Amino acid sequence: VASITATVGGNALGVTPATVTLNGDSGNLSTTNSTLTANPGAIEANGSDTSVVTLTLRDGNNNPVTGQTVAFASTLGSLGAVSEGSSGVYTATLTAGTAAGVASITATVGGNIFGVNTAHVTLEPVPVDLTMSVDNVRKNIGDTIQLTVNAKLKGTSNPAPGTRITFTTAAVVNRQNVNIANSGALKINGIDYNLYTGVTNAAGNLVVSITDPDGIGVKTTLEAVAESNDRQQVSVTFNVVTSPDSPLANMWGYMSDTLTNAGVTFRRPYLAAERTGVSVSNVANESWAMFTQAQAVALCTTLPTRVQLTGLYSLYPNSTINTLRGWPLNTVYRTSELSSPTNGHYYVYMNNGTVSYNPTSGDINGYNVSCIQ
């Protein structure tokens with residue numbers, strides 16, 4: 001606004017000054033002299049926090065330009081109506097949604113994109129408290145553990161819907177608490193755990209299915225990570241059939257401890273940690289004790305006969321005693337019967353049912369033993 005006064009004979013004339021409003025040149029808008037800002041530059045993505053977006057509109061002569069139709073657009077959150085203040089200042093309120101990220105804000109003037117600098121507001125993830133629960137901490141390979149992640153607003157009992165959750169592992173150990181590097185990756189809803197992202201529902205819950213199809217009998221400590229970097233852990237274990245459910249086993253397993261056929265009950269072979277034999281055989285991450293004939297007789301109250309062992313084979317033919325029940329097939333199984341007084345004792349191949357003996361060193365070699373109970 002220009003104020004105009006008059007003088008007469010060098011003296012001020014005391015009349016009311018005239019005023020002239022000088023408008024900026026709307027046909028010469030300047031992206032250099034104009035500015036687009038947002039304050040504050042960071043808010044929580046909680047659905048209610050706000051930031052004020054301001055366009056200061058100027059022309060090429062750095063004059064404020066008023067009376068323009070201004071609109072804003074944002075990649076995140078929602079924008080209110082634009083209001084015009086003084087001196088070419090236009091403002092609107094950005095309200096956060098529940099999605100975290102960086103909101104990029106642009107402006108249009110008179111329906112045309114105005115190439116002033118883009119303003120940015122960081123929508124920070126809302127801090128949460130996570131809890132995790134499972135329907136069962138331990139199941140067999142092939143089964144599914146249901147995992148529930150619950151998110152609440154930090155320090156409250158209010159649910160935190162829309163919380164994005166990813167997963168990592170904090171530890172993978174065997175039954176002896178030794179770190180294991182070669183077990184298969186856990187699957188969450190059918191995909192590798194580290195490729196999965198989920199979002200909590202209206203109650204703040206994320207329910208997923210956990211499987212371990214390529215696992216070798218380990219306990220995995222799974223960690224849920226919110227976008228706010230709040231974390232919580234839970235451990236899940238998947239058993240393998242090739243390990244017994246024994247605290248002395250290397251891996252977590254569900255091998256059958258006994259098998260019964262025709263009224264005869266057979267005990268599984270012994271782990272090397274359970275009994276000492278003449279040698280040790282390592283199969284599917286377990287160490288099995290191997291016994292001479294003399295050791296087998298001392299170990300068992302009753303050793304099986306050829307007929308009893310071949311009968312057990314008939315119940316589990318073609319190596320199914322291993323694939324279905326987990327019993328090792330690394331060597332033959334001893335019997336109580338002599339082939340002849342000088343040729344040693346019979347043994348049975350439990351992978352194919354063959355009965356044989358070694359007349360030279362069969363009785364002193366280390367073989368599998370299943371005692372009759």
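Arg164 and Glu227 form a salt bridge in which the closest N and O atoms lie 3.8 Å apart, a salt bridge being a side-chain nitrogen of Lys or Arg within 4 Å of a carboxyl oxygen of Asp or Glu. This pair links distant parts of the chain, with Arg164 in strand β15 (residues 164–173) and Glu227 in the loop between β20 (219–226) and β21 (231–244), 63 residues apart. Helices (H or I, at least four residues) and strands (E, at least two) are DSSP runs, numbered from the N terminus. The structure is a predicted model, in which local features need pLDDT of at least 70 and side-chain atom pairs count only at pLDDT 80 or more, while totals for chains, interfaces and linings use all residues. Residues are numbered from 1 along each chain as its sequence is written, and side-chain values use heavy atoms, with hydrogens and water left out.

A search of the whole structure finds 11 salt bridges, and the table sets out some of them.

| Pair | Closest N and O atoms | Separation in sequence |
|---|---|---|
| Arg164 and Glu227 | 3.8 Å | 63 residues |
| Arg268 and Asp257 | 2.8 Å | 11 residues |
| Glu337 and Arg306 | 3.3 Å | 31 residues |

Burial is judged by relative accessible area, where buried means under 20%, exposed over 50% and partly exposed in between (1.4 Å probe, protein chains only). Arg164 is partly exposed at 39%, and Glu227 is likewise partly exposed at 37%. In the pair of Arg268 and Asp257, Arg268 is buried with a relative accessible area of 4%, whereas Asp257 is partly exposed at 39%. Arg268 sits in the loop between β24 (264–267) and β25 (279–283), and Asp257 in the loop between β22 (253–255) and β23 (258–261). Glu337 belongs to strand β27 (residues 333–340) and Arg306 to helix α2 (residues 306–315); Glu337 is partly exposed at 23%, as is Arg306 at 29%. Elsewhere, salt bridges that share partners join Asp129, Lys154 and Asp230 into one network.

Helix α2 also has buried residues, namely Leu309, Gly311, Leu312 and Tyr313. What covers them includes β23, β24, α3 (320–323), β27 and β28 (344–348).

The next topic is the nonpolar core, a set of buried Ala, Val, Leu, Ile, Met, Phe, Trp, Tyr and Cys residues joined through side-chain atoms within 4.5 Å. The largest such core has 24 residues, of which Leu36, Leu55, Phe72, Ile105, Val121 and Leu123 touch the most other members. At least two residues each come from β3 (35–39), β5 (50–56), β6 (70–74), β9 (89–95), β10 (101–109) and β11 (112–124), and β11 supplies the largest share, five residues. Counting contact as heavy atoms within 4.5 Å, and leaving aside residues up to four places away in sequence, Leu123 touches residues including Ile43, Ala45, Leu76 and Ala103. A second, separate core of 23 residues includes Val128, Met132, Ala224 and Phe238.

Finally, the largest pocket has a volume of about 240 Å³. On a 1 Å grid over the protein atoms alone, a pocket is an open set of points where a 1.4 Å probe fits, with protein on both sides within 12 Å along at least five of seven lines, and lining residues have an atom within 4 Å of a point. Of the 16 residues that line this pocket, Ala45, Thr98, Val126, Pro161 and Thr163 are the closest to its centre. By class, the lining has nine nonpolar, five polar and two charged residues.

Notes: Grid points are joined across faces, edges and corners, and a volume is the space filled by probe spheres set on the points. Ala, Val, Leu, Ile, Met, Phe, Trp, Tyr, Cys and Pro count as nonpolar, Asp, Glu, Lys and Arg as charged, and the others, Gly among them, as polar.
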